[in-house]
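Notebook open, structure loaded. I want to look up a few things and jot them down as I go.

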Amino acid sequence: MRDATPGQSDQTIFLSDYAPVPVTVSHVDLHFRLDPQATEVSARLTCRRQRPGDMVLNGEHLEMVSLAIDGTPLSDDAYTLTDTTLTLHDAPDAFLLETVARIAPAANKALEGLYMSGGMYCTQCEAEGFRRITWMLDRPDVMATYDVEIEADLPVLLSNGDEVSPGKWHDPWPKPTYLFALVAGNLVATSDSFVTMDGREVALNIWVRPGDEGRTGYAMDALKRSMAWDEKVYGRAYDLSVFNIVAVDDFNMGAMENKGLNIFNSKYVLASPETATDTDFALIEGIVAHEYFHNWTGNRITCRDWFQLCLKEGLTVFRDQQFSADMRGDAVQRIGDVLQLRARQFREDAGPLAHPVRPESFVEINNFYTATVYEKGAEVIGMLRTLVGADAYAKGCTLYFDRHDGQACTIEDWLACFEEVSGRDLSQFKLWYSQAGTPRVTLRDSFADGTYRIDLAQTLPDTPGQTDKAPMVIPLSFGLLDQSGKEIRPTEVFELSTAQDSVSVELAEKPVLSMLRGFSAPVILDRDQSDADRLILLASDTDPFNRWEAGRGLAKDRLLRAITEGAAFDDAWLDALSAVVQDEGADPAFRALALSLPSEDDLAQTLHAAGVVPDPDAIYITRRAAMLAIAEHLADVLTPLRDALRTPGAYDPNATDAGKRALSAALLRHLTLLDGGTASRAAYDAADNMTDRMAAFTCLLDAGDTTVADHFEADWKHDRLVMDKWFMAQVAHAAPGRAAVVAHALTNHADFDPSNPNRFRAVVGGLTAGNPAGFHAPDGSGYAFLADWLLKLDASNPQTAARMSTAFDTWRRYDADRQALIRAQLEAMAEADTSRDLAEMVNRMLG
Ligand code: TRP
Ligand code: ZN
C-alpha cells in the first residue's frame, strides 16, 4: 500500500467545492454474513469512469479482509488505505471492485452503520453511516441499484426493494448509500395491503419484537392514509411490491426513510390507548407520513450533496404538515407548527448556531439536521406556494417529479420548475435559502382623512458569518375588520420585497388590522397593537391563527409587564380568556391552545430580543402566578367544564376527542393550583388511557405529591416507552431548585441506560427543555449536569451528544454570573478530547 497522509477528520466542507466523482458506481452487490462481533461484508461494486482522477472510497471502522479488481487482488502500490478512505490509483475505465470488510455491530454504540438493538441487527446510514459498513462512494449524488444477500440464523432478514428469495433482496430503483438498510432478527409483522391508483397491490408490514404486535394498528392506519393522500394530493404512487416498517428501540432520531424499508424509533410506531398519549398518536401519524412521503421527495429525487438537505427535508415536512392539517384540522395544526417553529427555529436563528436553510459549510453534517433546515425549510415551501398560488405550486411539483425523477438535485433545480410554470423570477425569493436569521417586520399604521395606511419595514439581523443582508420577499397575508369585528376586506397577500413599503386603503373609519394571517411568513412582527384591537381579533377574526395570536399577544404582554414591572393581571384580560375557554362554539383543541401561556423559553427569548436580561426564576414564578390568577378567575367553571368535556365510550385517538382531553387536562392543571391535587388524584385513579393518566400524573408532581411516582413505576416498570415518560416527567415537573438533584438521582436508577437515546433524552432533555428554571439554577448545577453527561455520552454516541448540547445555545441571553458558569462548561468541553460532532457544536456556541 502506498503511504497514507493522516485523515483530516475535522475539515470544513464547502458547498462551493462541490465536484462530481471521477469514477462512479452504478450497481452494488452486497453479501452479509452476520455475526455480533465479526460480521463479514462482501461488496462487488460496478464502477465506471466519468472523468480523470483517483477513485476515493469512504470507509471507517472497517477491517480489510480482501481487495480485488476484476478478480485480481490489488498490488500494494495500486491503492492507499487510511482510517477513513480507500484510494484507487489508476483504476481502469470500467471494472468490478471487490472488497471484503469485517465489522463488529454489537460494539457499535454510535447507532450509525450496522448495529444491534434489542437483539436485532439494524442499520442507520443517513447521512454518512454507510462508510461504517463497507467501502463505497458514500455521497448522495452516486445512485446505484442494489442486490443484497443476508446470511444469518435468524427468522427475518430484510433489505431494500423486493424480496427475490428468503434473505435475498433486489432494489431496482437507483439510490444513494444513505438510503440503504438492512434488518435481521426475531421479529413479527402486522400485515396489510394497499392497492395503488394504478392498480398494483403493495404488501405492507410493520415489524416489531414479539409482544409489541398489538401496538401497530395506528401506525398501519396512518400509513394507508398517507399512501392515499400522496396519490390524491401530489399524484405520487408507491413503486415497489412491498413496504416495510421496522420499530427499533435504540435510535438517534425519529425515523428514517430507507427505500422500501423505513426504520423507526419504536416511540413513533408503537401505540396503544394504555401506553401512548394523544400527542404520541399525532406524532406517529405525522412521522409515518413524513417517512412515506420521502419516497418521492428524497428517494426518487434525492439531494446532489448534503448542503441541499432542505430540498428533501423542508419539502417533506411541508408535505407532512399539509397531510396532518387535512387529517386533524388546519387551524390547530398551523398553531402547533408555529409554536414549534418559534420555540426551536426562532431560538436557533437568534443564537450562535444560526445558519441558512441551505448552509454553505459544515464540519459534521449530522449537526445540520436542524429546525432551520426542517421547519424553516418547510416555511419557505409554504411561502413559495403562497407567492405562485396553489395551481402553479401543483404544476411546479409535477414538473419537478417528471423532470428530475432518478436524479440528485439542487435547490436551483427545484426553483427552476416554479419559475417555469409561473413565469415569475424567483431570484430574490432564493435569498430565503442563503440568508440566516429571522426577519423583523416593523409595522406602524395610521388613519386620517379616509385613508388607512400601513407602513412596513424589514430588517434582517446579523448572524455568524453574515452581515448587511439584502431585503427578502415576504408574503404578508392580511385582512381588515371593522370596529364591531365584521370582516370588511378578505385576505389578500402583500409582498414586502424592499426595505420599506406601505399599503393604503380608502375607508370610512379606522379598521382593525389582521396581519400575517395563517403566519404567512416566518418573521417577527414588531408593532404596537392596542388591547382593544387584540380583543376584537380574539373574539371575531375569521382567520383562526390570528384569533389565537391575538390572545397570545394579550397574554405575552401581561406576562412581560408582570416580569419587568411587577404589573398585576387585569380582569379585562382574564375575562377575555375565560370567554374563549368557555366558548362552546369553538373547537376544544383551539380553546386548550388559547388557555396555554407562552413557554418560559419563549418569554426569555422575547425579553432578550427587547434588550432585557431574562431571569429564569422570575419567569417561572410569574408564569405560575398568571396560571393561578387564571385558575381563580375560572374557579367556578373548571369542574363543570371538565365534566362537559368527557368523551363517551372507549378511548379513540381521533382529533376531536384528543382536543377535548387536551382542554380537560389544561383545566385540571389550573384546578390543581386551587385544590392541591384532589381532583388530579381522582383523575389519576380513574384514567383508562395514558393521555388522561399522564395529565393527572404531571399535575400531581406539580402539586408535590410524593407517592404517585412510585405507583406509576410499579404499574409500568416493564414498559420502556412508558418509563421514558416517567423519567422525563419527574425532572420536568420538579421544583426548579431540585431539578438537577432529581435528574442526577434518576441517572442512578437501575433502569437508566444512557446508551438508549430515548432514555438519555428523557432525563437530560427533561431538565434542559422541560425545566428551564431548573436547568438555569443560579448555582450552575444544571449546567454541570448537562456538560458531564454530554462528555460521557460523546464517547459512544457523538450524534446524540452533539444534538443535546444545543441546550447551551442561548447562553449569551443570561446575566454575567450564568454566562460565566456556562462559558466555563463550554470551555471545558472544548478542551476535552471530544468527537468532531460535539467539538463543532461547542466551538460554534463559543463563537
Ligand atoms: N432523514 C430522516 C428524516 O428526516 C432523519 C435522519 C437524518 C435520521 N439522520 C438520521 C434518522 C440519523 C435517524 C438517524 O426522516
Ligand atoms: Zn425527513
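These are my entries on a metal site, a helix pair and a sheet, all from a predicted model.

**Zinc site.** I started with the zinc ion (ligand 2) and asked which protein atoms act as its donors. I found NE2 of H290, NE2 of H294 and two OE entries from E313, at 1.9 to 2.8 Å from the ion. Along the sequence, I can write the spacing of these donor residues as H-x3-H-x18-E. Next I checked whether the two histidines are buried or exposed. H290 has 7% relative accessibility, and buried means under 20%, so H290 is buried. H294 comes out at 0%, so I put it down as buried too.

**Helix pair.** I then looked at how α1 (residues 217-234) packs on α3 (residues 309-328). Their axes are 11 Å apart and the angle is about 105°. That falls within 65 to 115 degrees, so I call the two helices roughly perpendicular. On the α1 side I listed Y218, A222, R225, S226, W229, D230 and Y234 in the contact. From α3 come F318, R319, Q322, F323, D326, M327 and R328. Sorted by class, I get 7 nonpolar, 2 polar and 5 charged residues.

**Sheet.** Last, I traced an open sheet of 4 strands, ordered β10-β11-β16-β13 and paired antiparallel. β10 (113-117) and β13 (156-159) sit at the edges, each with pairing on one side only. Ignoring direction, neighbouring strands here are turned by 20° on average. For β10 and β11 (residues 120-124), I noted 5 bridges. Within that pair, Y115 has C122 of β11 as its bridge partner.

Technical notes
Residues numbered from 1 in each chain as written. Chains lettered and ligands numbered in written order. Predicted model: local features only at pLDDT ≥ 70, side-chain atom pairs only at ≥ 80, totals over all residues. Heavy atoms only, no water. Axes fitted to C-alpha atoms, helices over the stretch in contact; angles between N-to-C directions. Parallel < 35°, antiparallel > 145°, perpendicular 65-115°, else oblique. Contact = heavy atoms within 4.5 Å. Nonpolar A, V, L, I, M, F, W, Y, C, P; charged D, E, K, R; others polar. Pairing = 2+ DSSP bridges. Donors = N, O, S within 2.8 Å, 3.2 Å for Na, K, Ca; no water. Buried < 20%, exposed > 50% of the residue type's maximum accessible area, 1.4 Å probe, protein only.
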